[in-house]
Structure formats: structure tokens, C-alpha cells
Amino acid sequence: MNIPFLDGWRRRHDAARGGAAHGTADWDPEGLAELLSECELLRAQAESAGVALDDGPSSLAALDQLQPRWRGDEELQSWLGNDAGLYLGTVLVRTVGGAAWYIRADGQPVVRLAGGREVDVVETGHAWAEDGAPELSQVYAELSEK
């Protein structure tokens, strides 16, 4: 799934460099991590429920406990799914050694773990927003062990 704001960001940066970027070799890793960590809608939903998102693993467990009030609204659910996946990726990148953001050729942001495994965190976020499973904290626990 392409993320609209990322597409716009990519076009601006590609034009500035005079070409198209593939992967993340030409990207500023810190700038990319900052962009993908915004998750404004998820952060607002969490804050309104009294949950502080500190980009740490314990906040994933707190998100898993939120009441899914968004499930009746497909558009909101989709945006929250994107944000939940990007937030999971943010926590992985900030706390798991060797984990880094990578943009696939199709524009999908994934987290690449130290061993080379790519994790489609946005897909995981959508599943969480739709069904509550898998729990974000469980996915983190499984990925951080390896």
C-alpha cells in the first residue's frame, strides 16, 4: 500500500536529486525515520484515551488495550492502520539493534532487521486496526528476540 504523504515527499526529494530513488541508499536515514514516526492520527487517538506514546515497547501494549472506536469508520480505520504500522516500525527501529527503515521499489516502507528480514509493518498495522490481531506488542516481542 502506498502512503500518499510519502509519495509526495519522495517526488520532492527525487526531483531535488535529479532522479528516482530505489531503496533507501540515497535517503537520509534520520529524516526518513522522523517522517515515518509522525503518526499524528494514532498519537491523537492515544492521547485522547490517556495513553502516552513514548516510542518504546511498553506503549505498544498500551495501544493494544485501546477501545477500537474506529472500526465503524473505514477511512479512519485505514489511516489508523497506517499509523499503527508506522508506529510499530518506529519502535522497532529505535529499540532493536540493526533495525532500519527501508523503502521497497513499490514505495512501501518496511523495517529491515539486522539479519536481513523485511517486515511489512504497515500490513501488520492494518490487521491490528481491523481485528485487534496480531497485537502490536506481541509482534514487537517476536521480532525483537531475533
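In which loop does C39 lie? C39 lies in the loop between helix 2 (29-36) and helix 3 (40-48), and the tour returns to it at the end.

**Before selecting anything**

This is a predicted model, in which local features need pLDDT of at least 70, side-chain atom pairs count only at pLDDT 80 or more, and totals for chains, interfaces and linings use all residues. Residues are numbered from 1 along each chain as its sequence is written, and side-chain values use heavy atoms, with hydrogens and water left out.

**The whole chain**

Show the protein chain as a cartoon. Its secondary structure comes to seven helices and three strands; helices (H or I, at least four residues) and strands (E, at least two) are DSSP runs, numbered from the N terminus. In sequence order the pattern is α-α-α-α-α-β-β-β-α-α. Of the 146 residues in the chain, 45% are buried, where buried means under 20% relative accessible area, exposed over 50%, and partly exposed in between (1.4 Å probe, protein chains only). Among contacts with a separation of 6 or more, 60% are accounted for by residues 24 or more positions apart; contact means heavy atoms within 4.5 Å.

**Helix 4 and helix 5**

Select residues 57-64 and 74-95, which are helix 4 and helix 5. Two packed helices are described by the angle between their axes and the distance between the axes. The axes of helix 4 and helix 5 come within 9 Å and cross at roughly 160°. Axes here are lines fitted to C-alpha atoms, for helices over the stretch in contact, and angles run from 0 to 180 degrees between N-to-C directions. That angle makes helix 4 roughly antiparallel to helix 5. The cut-offs are under 35 degrees for roughly parallel, over 145 for roughly antiparallel, 65 to 115 for roughly perpendicular, and oblique for the rest.

The crossing of this pair is left-handed: a crossing is left-handed if the near helix is turned anticlockwise from the far one by less than a right angle, and right-handed if clockwise. Add side chains for P57, S59, L60 and L63 of helix 4 and for Y87, L88, V91 and T95 of helix 5, which make the contact. By class, the contact of helix 4 with helix 5 has six nonpolar, two polar and no charged residues. Ala, Val, Leu, Ile, Met, Phe, Trp, Tyr, Cys and Pro count as nonpolar, Asp, Glu, Lys and Arg as charged, and the others, Gly among them, as polar.

**Helix 5 and helix 6**

Keep helix 5 and add helix 6 (121-131). Helix 5 and helix 6 pack at an angle of about 130°, with their axes 7 Å apart, and are therefore oblique to each other. Helix 5 passes helix 6 in a right-handed crossing. On the helix 5 side, select Q77, S78, L80, G81, N82, A84, G85, L86, L88, G89 and L92; on the helix 6 side, V121, V122, T124, G125, H126, W128, A129 and E130. The residues of this contact divide into nine nonpolar, nine polar and one charged.

Two residues of helix 6 deserve a separate selection. V121 lies in helix 6 and, at 0% relative accessibility, counts as buried. Leaving aside its neighbours within four places in sequence, V121 is in contact with G85, L88, G89, L92, W101 and V111.

T124 is also found in helix 6 and counts as buried at 14% relative accessibility. With neighbours within four places in sequence left aside, T124 is in contact with L88, P134 and V139.

**Helix 7**

Select residues 136-145. Which residues of helix 7 are buried? They are L136, V139, Y140 and L143. These cover an arc of only 100° around the axis, which puts them on the same side of helix 7; the arc is that of the directions from the helix axis to the C-beta atoms. They pack against helix 4, helix 5, strand 3 (118-119) and helix 6. A distance label between the C-alpha atoms of V121 and V139, 18 residues apart along the chain, should read 9.4 Å.

**Backbone exceptions**

Most residues other than glycine have a negative phi, and most peptide bonds are trans. Select P134, in the loop between helix 6 and helix 7: the peptide bond from A133 to P134 is cis, with omega near 5°.

Return to C39, where phi is near 45°, a positive value in a residue other than glycine. C39 is buried, with a relative accessible area of 4%. Finally, select D55 in the loop between helix 3 and helix 4. Phi of D55 is near 65°, again positive in a residue other than glycine, and D55 is buried at a relative accessible area of 14%.
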